[in-house]
Amino acid sequence: VIERRVFLKGLGAAALAVVLVRPAAAIVLDDLSIALEMAFEYVKKGFVVREENWHGKLSVGKKTAVKHQLFKGNEYWFWAGSTTKDVKLRVKIYDKKGRPTDVETKVTDKGAAARILAPKTGTYYIVIEAQPADPKKKKKFKRNAVEWAMAYGFR
């Protein structure tokens, strides 16, 4: 399950108050906050963070993909965050033929990111994967237990 969300400018705190009333939306907001915190250092480097973002649920050990149009010559970062405990996210970017195209990836305790220098304009797939933080532990995870959100920026 992947949802796409675009925040409308000008709604400000009123929109956040409405979102926080629903418990499920509050989790998404927390996951998105983690992703946006990862973006902060790149804003200082000239990246523009887009308002468009995605969120969903994912089972541990599984992957999901977001299909997105990228433009030749632009540099992009995709940042994913999750509040789910004992889970690590990974982000990879593939072209329409399934070839890896990211040039850099990062993994943190609460999120992951991938960077691409788009070699040509076209459709790309940003793949998010959830893995146990400690593969040696035999912790059981419920199906679709991992809440995640992803934002992106470009320059």
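## Strand β3 and its two faces

In this predicted model, strand β3 covers residues 63-70 and has one covered face and one uncovered face. Thr64, Val66, His68 and Leu70 sit on the covered side, while Lys63, Ala65, Lys67 and Gln69 make up the uncovered one. That fits the usual pattern: in a regular strand, side chains alternate between the two faces of the sheet.

As for its partner, β3 runs antiparallel to strand β8 (residues 122-132), and eight bridges link the pair. At Leu70, the bridge partner in β8 is Gly122.

## Tyr76 in strand β4

Leu70 also turns up in the surroundings of Tyr76, a residue of strand β4 (residues 75-81). Tyr76 has a relative accessible area of just 3%, so it counts as buried, the cut-off being under 20%.

Who's around it? Setting aside neighbours within four places in sequence, Tyr76 touches Phe47, Leu70, Phe71, Ala114, Arg115, Ile116, Ala118, Tyr152, Gly153 and Phe154. The C-alpha atoms of Tyr76 and Val48 are 9.4 Å apart, with their positions 28 residues apart along the chain. On the polar side of things, the side chain of Tyr76 makes a 3.2 Å polar contact with that of Asn74.

## Thr84 in the loop after β4

Follow the chain on from β4 and you reach Thr84, in the loop that leads to β5 (87-95). Thr84 has a relative accessible area of 18%, and because the cut-off is under 20%, this loop residue still counts as buried.

Beyond its neighbours within four places in sequence, Thr84 is in contact with Ala145, Val146 and Glu147. With Glu147 there is a polar link too: a polar atom of the Thr84 side chain lies 3.1 Å from the backbone nitrogen of Glu147.

Terms used: Residues are numbered from 1 along each chain as its sequence is written. This is a predicted model: local features need pLDDT of at least 70, side-chain atom pairs count only at pLDDT 80 or more; totals for chains, interfaces and linings use all residues. Side-chain values use heavy atoms; hydrogens and water are left out. Helices (H or I, at least four residues) and strands (E, at least two) are DSSP runs, numbered from the N terminus. Buried means under 20% relative accessible area, exposed over 50%, partly exposed in between (1.4 Å probe, protein chains only). Contact means heavy atoms within 4.5 Å. A polar contact is a pair of N or O atoms within 3.5 Å; within protein, one must be able to donate a hydrogen and the other to accept it, and residues adjacent in sequence count only if both atoms are side-chain atoms. Two strands pair if DSSP finds at least two bridges between them.
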